[in-house]
Amino acid sequence: MERAQEPTADDPAERPAATETEPAQPPGTPRPDPAERLTAHRTGPAEQRLAEATGPPMRLVAETTDPAERPAAEAPGLAERTAAGTAVPAGRSAAGTGEPAERLVVRTAGSAGRPVVGQGKGGSVRRLTGGRSEAVERSAVPEIDLELLVHGVGGSTPEKMLGDPRTVRITGDDTAAVFRRAVDVDAESRPGDYGDRPVPEAYVWCNLTSGNASRALWLLLLPFMVVNLAHWMRPAAQDRPRTVRFYGLLVRLAGLTLTVLLVAAACEVALDLAAWQCAGITACARRHSWLDFLSPSGSAGGWWSAPGRRLALAALVPTALTGLLWYLSHRTWSAYESTRPLAHDAEPGHTSLGSPGFWYGRRLVARLRAAHTTAGLLTVAAAVLAPAAAFDRRAGGPAVLDAAGWLLSAVLAALAFAAVWVVCRRGRSENLLDQELDRRLVRRLPLGALALLVLVALYAGWSRPGWRSVGRLAGDPAFGGLVLAQGVLVIVLGAVAHDLHRRLPDPRAAMRGLGGPAVALLACALGGVISGGVAQRVSDWLDGTGTSIAGPPVLLTWQASAIPPVLVVLLAAVAWLSWRTSRLGHAERAAVGLDHAGEPDDTARTRRIAGVRAMAALTDRTPLLVTVLCAATLVLGAGALVGALATGETPDAAADRTYALVHGAAQASQALGSWLVGLGFILFVTWGRRAYKDAAARRTIGILWDVGTFWPRAAHPFAPPCYAERAVPDLTWRMDTWTRRTGGRLVISGHSQGSVLAAAAAWQLTPSVRKRVALLTYGSPLERLYGRWFPAHFGPAELGSLHREVACWRNLYRLTDPIGGPVRIADGDGPAVDHTPLKDPLAYGRTPEHPLPAPILGHSDYQADPAFAEERERLLARLRPELPGQRPQPAG
């Protein structure tokens with residue numbers, strides 16, 4: 001169907017030709033049949049003037065304009081003439097019938113032939129002459145093209161993306177917005193000025209990950225972010241909904257154990273090491289004057305010196321930490337998960353990223369936040385309640401306090417069961433836009449846990465004559481149980497992932513489908529190492545001599561001691577990869593020489609290009625490095641748990657009765673592990689302080705989150721927020737409204753992580769709009785990273801479906817790019833997606849076009865390559881609708 005537009009009503013030169021199709025009829029004169037009127041040759045004055053300008057006689061044919069495809073906003077102020085000759089607004093139905101309006105298109109009669117298209121300002125004329133049929137289409141508002149640019153990791157500025165210092169924000173806010181050059185703001189009103197180029201727009205989303213100073217606090221959430229990634233790394237599954245739900249349940253439970261572990265570590269530092277051990281020993285309290293008022297000797301038996309009251313006061317620290325986590329989650333939940341995506345119906349058999357509710361996890365995050373906040377507060381309550389209840393249960397203890405202890409323990413167990421039930425009860429609802437919030441549950445569960453904590457503090461603060469703080473609190477069983485539970489969850493998760501991968505194998509999947517369990521293991525290990533290392537370092541700081549206090553639980557010391565062996569294994573793997581990279585660099589030199597055959601040889605230049613290619617190839621060996629790291633972590637973590645439970649002593653003390661070499665290694669590992677974690681913690685805090693004050697440092701942290709926080713919070717509510725839950729709806733709304741309003745063609749150009757956002761946004765479009773959008777990706781990790789690590793969402797089938805569903809797709813990459821790569825779609829539908837690898841550098845030596853040595857661009861500046869503009873033009877050309885052929889006319 002040809003597309004034609006009527007001239008504007010305010011153009012006096014064109015109005016008669018567009019409207020005077022026949023002389024006015026006297027009242028009462030019957031109108032001819034519309035079909036006859038539309039096929040009859042016109043000889044009125046308007047047609048005569050048009051014939052003089054265009055040549056042979058003409059006839060009018062009807063063109064139906066579907067309101068769904070060409071909305072009224074497409075050409076404001078224009079009118080269409082129906083078959084009955086009545087002018088109706090553009091996009092309206094004729095005579096109120098609800099049928100699409102029919103538009104008049106002027107054509108010349110003649111034999112069939114192929115049109116030659118000529119474009120002019122203010123209209124287009126398509127004509128065939130010299131014995132061929134001639135088709136003339138006058139369009140007052142030519143179609144306009146749009147290129148929507150989406151930047152990648154690390155962010156960018158609209159000035160840099162658009163290549164103009166004068167840019168204007170046309171929609172959006174300070175967090176994420178769409179910009180245009182100042183000269184392009186009113187481009188839709190001047191389409192004739194853009195006949196040979198698209199209007200460039202830039203979507204800037206970098207402030208979603210590296211905006212204000214509070215982003216520095218996201219460093220606290222690193223283990224939670226890692227475990228959340230495990231949820232999305234499951235293997236592809238077909239007709240296995242129960243197994244998929246069970247996989248998600250296991251990851252959510254692992255995330256819950258991480259929250260309990262972090263709060264328990266804070267309890268260990270504040271309650272056990274400081275309030276119970278150091279404040280209860282005169283020598284330790286004297287070294288730290290801020291503990292004098294808690295010490296029985298320093299305060300001369302003051303009110304706060306009672307063990308229960310010291311614990312209740314120290315409980316403010318882990319309680320504040322839990323409150324901080326709740327605050328960060330609630331604040332980001334209000335800003336990110338509150339963005340509603342474009343409403344559309346679910347498409348059967350479509351990828352999950354195109355589901356209506358995929359980017360709207362508001363209900364699940366609210367439920368998980370309530371459950372995890374409750375678990376954190378209950379952990380603090382248990383740490384305060386356990387020693388007081390144990391003292392009351394001794395023989396001869398007060399019966400009232402003993403009963404109160406039992407009652408509080410029962411309530412704590414009931415609330416803990418409720419928190420676990422909330423985590424297990426409901427997962428993600430992606431097939432619909434779930435807008436319920438479970439307000440009662442979200443409010444009452446954490447408030448109930450907080451009320452219980454207050455009651456426990458009052459219970460522990462009750463006077464108990466003869467109660468003294470001796471030794472450690474009961475931390476060994478608690479931490480041992482947590483580590484054991486995490487190990488069981490990871491092993492079962494591995495079995496489930498293996499079963500899914502075995503039933504639907506994907507040779508490109510990282511670690512043969514075990515990427516999710518491996519990442520979950522690393523998250524648990526990271527949480528354990530941080531907990532153990534911080535506890536050991538605080539213990540060393542409180543007890544300078546190492547003799548006055550008992551120190552942290554033995555298991556935490558064992559975990560900190562495992563850090564040096566893990567680093568040794570990791571360094572060995574890195575050394576092997578370095579050797580392999582060096583060999584690959586030597587092999588690449590020959591390939592570089594072939595790529596630049598016939599040019600003068602430059603050995604240093606060749607070596608440098610080959611080295612960059614070899615370094616870029618390291619990305620493909622990441623699964624091997626993760627496998628080695630996970631294997632070492634699993635073995636050493638299991639050994640730490642067995643050693644702590646079997647000996648009940650620190651590694652140094654347990655190895656004291658063995659060989660001198662073993663004892664020396666254990667002693668060195670324990671001391672070095674403590675100092676390494678201490679150093680890491682100091683660097684961690686320093687980096688956070690710098691990021692709080694320095695925008696550039698926040699941008700660096702933002703790069704980490706660009707990759708780690710693309711996915712919604714499905715397993716842990718305290719993970720950094722998912723920026724894609726704002727960015728994907730932004731892009732979807734922009735593409736949908738612009739194409740419907742203007743009827744123009746759109747190319748969305750995504751670089752690096754922006755290409756992932758572009759693909760996700762294209763999946764969220766309705767099929768009719770998706771077919772009017774072209775996709776241009778460059779430096780894209782869609783297959784190289786996301787396709788391998790997230791095969792259920794970016795696997796070969798999903799990328800192949802995206803290729804078939806968009807109008808057209810082209811992907812550019814370089815061999816020197818460590819992030820981007822080919823998407824490897826070979827479904828045979830249409831032209832290939834992948835361009836041949838772009839040359840990098842653009843010139844090997846000095847040339848007239850490049851008199852100075854051309855840089856090796858790697859992952860950046862794809863627009864500098866001429867292939868970028870060429871491929872964009874090809875995509876726009878493929879989007880242009882073809883002119884339909886003439887219907888054969890009867891002879892005579």
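**Close-ups of cavities, a pocket and helix packing**

Searching the whole structure, a predicted model, turns up seven cavities of 30 Å³ or more. The views below take in one of these cavities, a pocket and two spots where helices pack.

**View 1. The largest cavity, at about 90 Å³.** Which residues line the largest cavity? One run in the lining is Gly-357, Tyr-360, Gly-361, Arg-362, Arg-363 and Leu-364. The rest of the lining is Arg-426, Gly-427, Arg-428, Ser-429 and Asp-434. Sorted by class, that comes to five charged, four polar and two nonpolar residues. If you're picking side chains to display, the charged ones in this lining include Arg-362, Arg-363 and Asp-434.

**View 2. The second largest pocket, with about 1400 Å³ of space.** It's lined by 46 residues, and those closest to the pocket centre are Arg-234, Ala-237, Val-244, Ser-352 and Glu-430. Several helices chip in at least two lining residues each: α6 (222–232), α7 (241–278), α12 (399–425), α27 (791–794) and α28 (796–805). Which of them gives the largest share of the lining? That's α7, with seven residues. As for chemistry, the pocket lining is a mix of 18 nonpolar, 15 polar and 13 charged residues.

**View 3. Helices α7 and α12 where they cross.** Two packed helices are described by the angle between their axes and the distance between the axes. Here the axes of α7 and α12 come within 9 Å, crossing at roughly 145°, and the crossing is right-handed. On the α7 side, the contact is made by Leu-249, Arg-252, Leu-253 and Leu-256; on the α12 side, Val-420, Val-423 and Cys-424 meet them. The tally for this contact is six nonpolar residues, one charged and no polar. Both helices also turn up in View 2, since α7 and α12 each supply at least two residues to the lining of the second largest pocket.

**View 4. Helix α28 and what surrounds it.** Why call α28 largely enclosed by the rest of the structure? Because seven of its 10 residues are buried. These are Glu-798, Leu-799, Gly-800, Ser-801, Leu-802, His-803 and Glu-805. What do the buried residues of α28 pack against? Their partners among the helices are α24 (753–764), α25 (767–770), α26 (782–789) and α27, while the strands β12 (773–778) and β13 (808–812) are partners too. And α28 links back to View 2 as well: at least two of its residues belong to the lining of the second largest pocket.

How values were computed: Residues numbered from 1 in each chain as written. Predicted model: local features only at pLDDT ≥ 70, side-chain atom pairs only at ≥ 80, totals over all residues. Heavy atoms only, no water. 1 Å grid on protein atoms, 1.4 Å probe; cavity = no way out; pocket = protein on both sides within 12 Å on 5 of 7 lines; lining within 4 Å. Points joined across faces, edges and corners; volume = space filled by probe spheres on them. Helix = DSSP H or I, 4+ residues; strand = E, 2+ residues; numbered from the N terminus. Axes fitted to C-alpha atoms, helices over the stretch in contact; angles between N-to-C directions. Left-handed = near helix turned anticlockwise from the far one by under 90°. Contact = heavy atoms within 4.5 Å. Buried < 20%, exposed > 50% of the residue type's maximum accessible area, 1.4 Å probe, protein only.
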